[in-house]
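I opened this notebook to keep track of what I looked up, one entry at a time. The entries follow the order in which I went through the structure.

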Amino acid sequence: MTFNLLSASKHSRNFPWEERCEGIVEVFRALQPDVVGTQEANLEQLNDLRDRLPDYEFTGEGNLGPLQSHNADNWYNAIFYRRETVQRRPMPGASFWLSPQPEKPASRFALASRPRVAVWSLFEHRASGKPFLFGTTHLEAFMPGHRRRGARLIQEFVSAKLEELGQEMPVFLTGDFNAGSGAREIRDLGQETVGRAGLIDAWQHAGRDEDRDGATFRGLDLRDRIGNWLLGHRRIDYVFFRPQLEVREVERVDFDDLLSGAGLPPSDHYPVIAEFKLAG
């Protein structure tokens, strides 16, 4: 699953984290995803979720780097995993920044809105013993060129890892890409080139429609609703994978229905969940 959790520093007056948190917990409990790529929450938010979800652990990195771990504006890309079904394997070099200096914490492309980081971990599916590589990221919001450069860095990382781990290693990439499916940066992610691994969009692979029912940016307040009206309803949260795997189901999680409209909406993004068959 991929889920932009919405930073506690945004919309904090009318949509406080303390009230949204329980809705996110209910989504986890209802769906019981094995692995979840999350975006935008700070460390305090992540710890709150872990405290309420004893079946899960998380690993991640903030976009401002480890020295700013307790800064409320340090947006994490984090991977939650259900310990009963998957276990982490050690893997060095699991996080890097989407910048000209990927190894430098909090680095960014010139004029980018904020630093952006990609987080990866190697897991093993306990029941089958099958390993898989899982990553999550949050691309630049306003500059398409920076999104394309960030996506290329991710493809290059995946390509290098496949050289190390084997071309048949299952790979999953989740995230808020801040771009619709027709954008060049999303199309480029599907292209296999020398040194850049191609990734498959699970939503399109499953034959799902590109319509309002698939839009993942929900928004919260009047400004968001106006933005949706002006820009159109957007699918900007993705689950990518490789190589060809059996995709059993892909859906946008409509938490308005799941939670029966009780309380505040958990986030301004809807999650996307996909079920895959790893082993024969």
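**Entry on F96 and the cores.** I began with F96 and, setting aside its neighbours within four places in sequence, I found it in contact with P102, E103, R116, V117, A118, W120, L153, I154 and F157. I keep in mind throughout that this is a predicted model. I then looked up the core to which F96 belongs: it is the largest nonpolar core, it has 28 residues, and F96, W120, I154, V158, F177 and F240 are those with the most contacts inside it. At least two residues of this core come from each of β7, α3 (144-165), β9 (171-176), α4 and β11, and I noted that α3 gives the most, with six residues. Apart from this core lies another, of 25 residues, and I wrote down V25, V27, F28 and V36 as being among them.

**Entry on E124.** Which strand holds E124? I located E124 in strand β7, residues 117-125. Leaving out neighbours within four places in sequence, I listed T85, V86, Q87, R89, G129, K130, P131 and F132 as the residues in contact with E124. The side chain of E124 makes a polar contact with that of R89 at 2.8 Å, and I found the two side chains also recorded as meeting in a salt bridge, 2.8 Å from N to O. This pair links distant parts of the chain, since R89 is in strand β5 (residues 86-89) and E124 in strand β7, 35 residues apart. I checked the accessibility of both partners: E124 has a relative accessible area of 17% and therefore counts as buried, the limit being under 20%, whereas R89, at 30%, counts as partly exposed.

**Entry on the other salt bridges.** I reminded myself that side chains of opposite charge can pair when their charged atoms come close. How many salt bridges does the structure hold? I found 19 salt bridges, and I followed several of them further.

R242 forms a salt bridge with E192, with the closest N and O atoms 2.9 Å apart. Here too the pair links distant parts of the chain, with R242 in strand β11 (residues 237-242) and E192 in the loop between α4 (184-189) and β10 (200-201), 50 residues apart. I asked whether R242 is buried or exposed; with a relative accessible area of 10%, R242 is buried, while E192, at 51%, is exposed.

For R248 and E275, I noted that the side chains meet in a salt bridge of 3.7 Å, N to O. R248 lies in strand β12 (residues 246-252) and E275 in strand β13 (residues 272-277), so this pair ties together parts that are 27 residues apart in sequence. Both accessibilities went into the margin: R248 is partly exposed at 47%, and E275 counts as partly exposed at 37%.

I also looked up a network of salt bridges, in which E22, E26, R29 and R52 are linked.

**Entry on backbone geometry.** Returning to R242, I found that a cis peptide bond joins R242 and P243, with omega about -10°; P243 has its place in the loop between β11 and β12. I next looked for positive phi values outside glycine. Q32 is not a glycine, yet has a positive phi of about 45°; I placed Q32 in the loop between α1 (17-31) and β2 (35-39), and noted that Q32 is partly exposed, with a relative accessible area of 45%. E40, also a residue other than glycine, has a positive phi near 85°. I found E40 in the loop between β2 and α2 (43-52), where E40 counts as buried at 4% relative accessibility.

**Entry on α2.** What caps the N-terminal end of α2? I found that N42 does so, with a side-chain oxygen 3.2 Å from the backbone nitrogen of E44. For the buried residues of α2, I listed L43, Q45, L46, D48 and L49. I then asked which elements the buried residues of α2 pack against, and I noted α1, β2, β3 (56-62) and β4 (76-82).

Definitions and conventions:
Residues numbered from 1 in each chain as written. Predicted model: local features only at pLDDT ≥ 70, side-chain atom pairs only at ≥ 80, totals over all residues. Heavy atoms only, no water. Helix = DSSP H or I, 4+ residues; strand = E, 2+ residues; numbered from the N terminus. Polar contact = N/O pair within 3.5 Å; in protein donor to acceptor, adjacent residues only side chain to side chain. Contact = heavy atoms within 4.5 Å. Salt bridge = Lys/Arg side-chain N within 4 Å of Asp/Glu carboxyl O. Buried < 20%, exposed > 50% of the residue type's maximum accessible area, 1.4 Å probe, protein only. Core = buried A, V, L, I, M, F, W, Y, C linked by side-chain atoms within 4.5 Å.
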